[in-house]
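Open the structure in your viewer and keep the selection tool at hand. This tour goes stop by stop: what to select, then what is there.

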Amino acid sequence: MKDHFKDISQIIGEPGEELSFSGEVTLEPVKLGEELIETPSPLHVDVLVSGINDGVIIKGNAFGKVRLRCSRCLAKFDYEASTSIDELATEDIESVAKDEVFPIVDGKIDLAPIVYQNLMVEIPMQALCADNCAGICPECGKNLNDNPHKHAKEEFDERLAPLKKYLEENRS
Ligand SMILES: [Zn+2]
Ligand SMILES: [Zn+2]
């Protein structure tokens, strides 16, 4: 069984009963829009799962590295993300569909979508690899962090030189 599935069968519908899970959880990559979101290493998850009449409450937090693409230089980098978790899960599939609660299947909750959904809210839409990311060279498209450079103005003048010469020679 993958480590993000947790057996909570003994506390479903048992108010006052609790189970806690603390440790590393390995998440498979998820697609967010066009981008595949990966976690380069397992995330640390601490949750307390409490029984309620029609399911369980999952409360706690999660943190770890999420691999993102810098919105300025487009390079991938590891972002330190953390989130709190406060969710409900139920075996009642009808309310899973309409109330945005998580399903309990075969007495188990899947922490992966619970962690991802909460983590995604904390991740900036325009993530930067560094506050002072130099971005991409507008002239040649190279990453200016890896390869800092400037294009000399002379280069530009040089390319125009034949035209300048032609215009001078043909001036009436
Ligand atoms: Zn960057
Ligand atoms: Zn350049």
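How much space lies in the largest pocket? About 300 Å³. Bear in mind that this is a predicted model.

**Stop 1: the largest pocket**

Select Leu32, Ile37, Leu68, Pro124 and Met125. Of the 13 residues in the lining, these lie nearest the centre of the pocket. Now colour strand E4 (35–37) and strand E6 (55–69). These are the elements that give two or more residues to the lining. By class, the lining has eight nonpolar, two polar and three charged residues.

**Stop 2: the first zinc ion**

Select the zinc ion (ligand 1). Then add its protein donors: Cys70, Cys73, Cys129 and Cys133, each through SG. They lie 2.3 Å from the ion. Check the angles among the four donor atoms: they run from 106 to 113°, and the site is tetrahedral. For four tetrahedral donors, the ideal angle at a metal is 109.5 degrees.

Next, follow the chain between the donors. Their spacing is C-x2-C-x55-C-x3-C. Cys70 sits in the loop between E6 and E7, while Cys133 sits in the loop between helix H2 (111–122) and helix H3 (153–169). The two are 63 residues apart, so this pair links distant parts of the chain. Are these two cysteines buried or exposed? Cys70 is buried, at 1% relative accessible area. Cys133 is buried too, at 5%.

**Stop 3: the second zinc ion**

Move to the zinc ion (ligand 2). Which protein atoms are its donors? Select Cys137 (SG), Cys140 (SG), His149 (NE2) and His151 (NE2). They lie 2.0 to 2.2 Å from the ion. Why is the arrangement tetrahedral? The four donor atoms subtend angles of 100 to 119°, and four donors count as tetrahedral if all angles lie between 85 and 135 degrees.

Along the chain, the donors follow the spacing C-x2-C-x8-H-x1-H. Show the surface and look at the two cysteines. Cys137 is buried, with a relative accessible area of 6%. Cys140 is partly exposed, at 37%.

**Stop 4: the salt bridges**

Side chains of opposite charge can pair when their charged atoms come close. The count here comes to four salt bridges. This stop visits some of them.

Select Glu38 and Lys76. Their side chains meet in a salt bridge, 3.8 Å from N to O. Glu38 lies in the loop between E4 and strand E5 (43–52), and Lys76 in strand E7 (residues 76–90), so the pair ties together parts that are 38 residues apart in sequence. Glu38 is partly exposed, at 28% relative accessible area. Lys76 is partly exposed as well, at 39%.

Now select Lys65 and Glu80. This salt bridge spans 3.6 Å, N to O. Lys65 lies in strand E6 and Glu80 in strand E7, so the pair ties together parts 15 residues apart in sequence. Is Glu80 buried or exposed? Glu80 counts as exposed, at 54% relative accessibility. Its partner Lys65 is partly exposed, at 33%.

Last, select Arg67 and Asp78. Their side chains meet in a salt bridge at 2.8 Å, N to O. Arg67 is in strand E6 and Asp78 in strand E7, so this pair ties together parts 11 residues apart in sequence. Both count as partly exposed: Arg67 has a relative accessible area of 30%, and Asp78 has 33%.

Definitions and conventions
Residues are numbered from 1 along each chain as its sequence is written. Chains are lettered from A and ligands numbered from 1 in the order in which they are written. This is a predicted model: local features need pLDDT of at least 70, side-chain atom pairs count only at pLDDT 80 or more; totals for chains, interfaces and linings use all residues. Side-chain values use heavy atoms; hydrogens and water are left out. Donors are N, O and S atoms within 2.8 Å of the metal (3.2 Å for Na, K and Ca); water is not among the atoms, so sites may look incomplete. Four donors count as tetrahedral if all angles lie between 85 and 135 degrees; four count as square planar and six as octahedral if opposite donors are over 155 degrees apart and all others between 65 and 115; anything else is irregular. Buried means under 20% relative accessible area, exposed over 50%, partly exposed in between (1.4 Å probe, protein chains only). On a 1 Å grid over the protein atoms alone, a cavity is a set of points where a 1.4 Å probe fits but cannot get out, and a pocket is an open set with protein on both sides within 12 Å along at least five of seven lines; lining residues have an atom within 4 Å of a point. Grid points are joined across faces, edges and corners, and a volume is the space filled by probe spheres set on the points. Helices (H or I, at least four residues) and strands (E, at least two) are DSSP runs, numbered from the N terminus. Ala, Val, Leu, Ile, Met, Phe, Trp, Tyr, Cys and Pro count as nonpolar, Asp, Glu, Lys and Arg as charged, and the others, Gly among them, as polar.
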